[in-house]
Amino acid sequence: MTSPPAVRGPILTVTLNLALDVTYVADGVDWDGVNRVRTVHRRAGGKGVNVARVLAALGRDVLVTGLSGGPNGRAVEADLAAAGLPAALTPIAAESRSTLAVCDLGPAPSGTAARRTALFNEPGPAVTGEELGRFLRDYETRLGRAGAVVISGSLPRGVPAAFYAELATLARRRGVPAIVDADGEPLRHAPAGRPSIVKPNAEELARALAAQEDGPRDPGENPAGPGTGPVTGPRGHGETFAGAEALRRGGAEAVVVSLGAGGLLAVTPEGAWRATMPYRVEGNPTGAGDALVAGLALGLVEDAPWPERLRRAAALGAAAVAAPVAGDFDRETFQRIHPEIVVEPARP
């Protein structure tokens, strides 16, 4: 099974749990006292929105889709318009959520910048079946001119865990390559939709494969199917590799596992690769995975070789850590670290 050929339409991003992201930047946080905030950022957020921002900054046509409701939803729509990000959001009655990131720039004991960040995520609105059906109709219409689709983030209340698999299936039927970036039950169901790429991090992969809430199953049985051996969750390279292979056997064409400062592991129909970072970038990790996914999406529509896709994706993830706000990336960091990333064949 190979990816659909490269196409020229915009990259569609799906953010069902849209958010108004608020970021506080302080020169030192006293968690038991009063704090003075140096700067405040309020902007449209959610994983798909962050992906779209990075792609637009790289010169790629995008279309932001998802669910939007209430004052937070209107604030998100206004911010997208101000940023010049095309959007076609399906309205819902309940209010879209907000998130809060507190970025502490106070000095560490050694005298170096600490750059610690705490993130507070609200659960999101309740979505009705009628609203979800309306979104599906909108989504199928927009697939007609999409070059690729990125389906990412958490699900709001009322949305079935298998919904991302359904969206990936619809994209596959239209010949549109899909990337799914999710956690928990949505991730575990995602391979059934046969997406072009599934992108968990190592912890998300472990949780998805260890989950037992989906009905009766023998302890340790691999959700990829009988005879595939037990899975208790990745704990090292071998386990992570096996977990990625399990998702591929479940239907995903390729699996890219982000390993934080450890780089990336990709298991694909064309082979497996490990992208290794030359050094650790300190900063705000919020949105780093979204920048990484943007790099994968760009490589997908360009039909770039896998080592090239991984090097650019890993560099964008690192450059996003160096930026203070999710959805941005530091171009100097990107240009500096990109040629130093080593991509080598990987084995179990």
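# Briefing: burial, salt bridges and aromatic pairs

R309 is buried, with a relative accessible area of 3%. Its salt-bridge partner is D303, and the closest N and O atoms of the two lie 3.8 Å apart. D303 is partly exposed, at 48% relative accessible area. The model is predicted. The chain has 348 residues, and buried residues make up 53% of them. It holds 10 helices and 14 strands.

**Confidence**

- The average pLDDT of the chain is 87.
- A score of at least 70 is reached by 88% of the residues.
- Residues 1–7 stay under a pLDDT of 50. The model gives this stretch 21 contacts beyond four places in sequence.
- Residues 212–234 also stay under 50. Here the model has 35 contacts beyond four places in sequence.

**Chain as a whole**

- Take the contacts in the chain with a separation of 6 or more: 69% of them are between residues 24 or more positions apart.
- The accessible surface of the chain comes to about 14,700 Å².
- Carbon and sulfur atoms account for 51% of that surface.

**Helix α1**

- Helix α1 covers residues 47–57. It is mostly covered, with eight of its 11 residues buried.
- The buried residues are G48, V49, N50, V51, A52, R53, V54 and L55.
- K47, in helix α1, is partly exposed, at 27% relative accessible area. That value puts K47 outside the buried class because buried means under 20%.
- G59 follows α1 and has a positive phi, near 90 degrees.

**Helix α8**

- Helix α8 runs over residues 288–302 and has 15 residues.
- From first C-alpha to last, α8 reaches 21 Å. This is close to the 21 Å expected at 1.5 Å a residue.
- α8 is mostly covered: 13 of its 15 residues are buried.
- D290, in helix α8, is buried, with a relative accessible area of 3%.
- Just after α8 comes D303, with a positive phi of about 55 degrees. D303 is also the salt-bridge partner of R309.

**Salt bridges**

- The count comes to 12 salt bridges.
- D290 and K47 meet through their side chains in one of them, at 2.7 Å from N to O. This pair links distant parts of the chain: D290 sits in α8 and K47 in α1, 243 residues apart.
- The two ends of that bridge differ in burial class: D290 is buried at 3%, whereas K47 is partly exposed at 27%.
- D328 forms a salt bridge with R43. Their closest N and O atoms are 3.3 Å apart. This pair also links distant parts of the chain, with the two positions 285 residues apart.
- D328 lies in the loop between α9 (306–321) and α10 (331–337). R43 lies in strand β3 (residues 37–45).
- R43 is buried, with a relative accessible area of 15%. D328 is partly exposed, at 30%.
- Back at the R309–D303 bridge, R309 is buried at 3%, whereas D303 is partly exposed at 48%.
- Shared partners join K47, D181, K199 and D290 into one salt-bridge network.

**Aromatic pairs**

- The whole structure has three aromatic pairs.
- One is F135 with F163. Their ring centres are 6.4 Å apart and their planes stand at 50 degrees, so the pair is tilted.
- F135 is in helix α3 (residues 129–143) and F163 in helix α4 (residues 163–173). The pair links distant parts of the chain, 28 residues apart.
- F135 counts as buried, at 1% relative accessibility. F163 counts as buried too, at 2%.
- Another pair is F329 with F334. The ring centres are 6.3 Å apart and the planes stand at 70 degrees, so this pair is edge-to-face. Planes over 60 degrees apart count as edge-to-face.
- F329 is buried, with a relative accessible area of 11%. F334 has 17% relative accessibility and counts as buried, because the limit is under 20%.
- F135, Y139 and F163 form one aromatic cluster.

Conventions
Residues numbered from 1 in each chain as written. Predicted model: local features only at pLDDT ≥ 70, side-chain atom pairs only at ≥ 80, totals over all residues. Heavy atoms only, no water. Buried < 20%, exposed > 50% of the residue type's maximum accessible area, 1.4 Å probe, protein only. Helix = DSSP H or I, 4+ residues; strand = E, 2+ residues; numbered from the N terminus. Expected span 1.5 Å × (residues − 1). Salt bridge = Lys/Arg side-chain N within 4 Å of Asp/Glu carboxyl O. Contact = heavy atoms within 4.5 Å. Areas by Shrake-Rupley, 256 points an atom, 1.4 Å probe, with all protein chains shown as cover. pLDDT = per-residue confidence, 0-100. Phe/Tyr/Trp six-rings, centres within 6.5 Å; stacked < 30°, edge-to-face > 60°.
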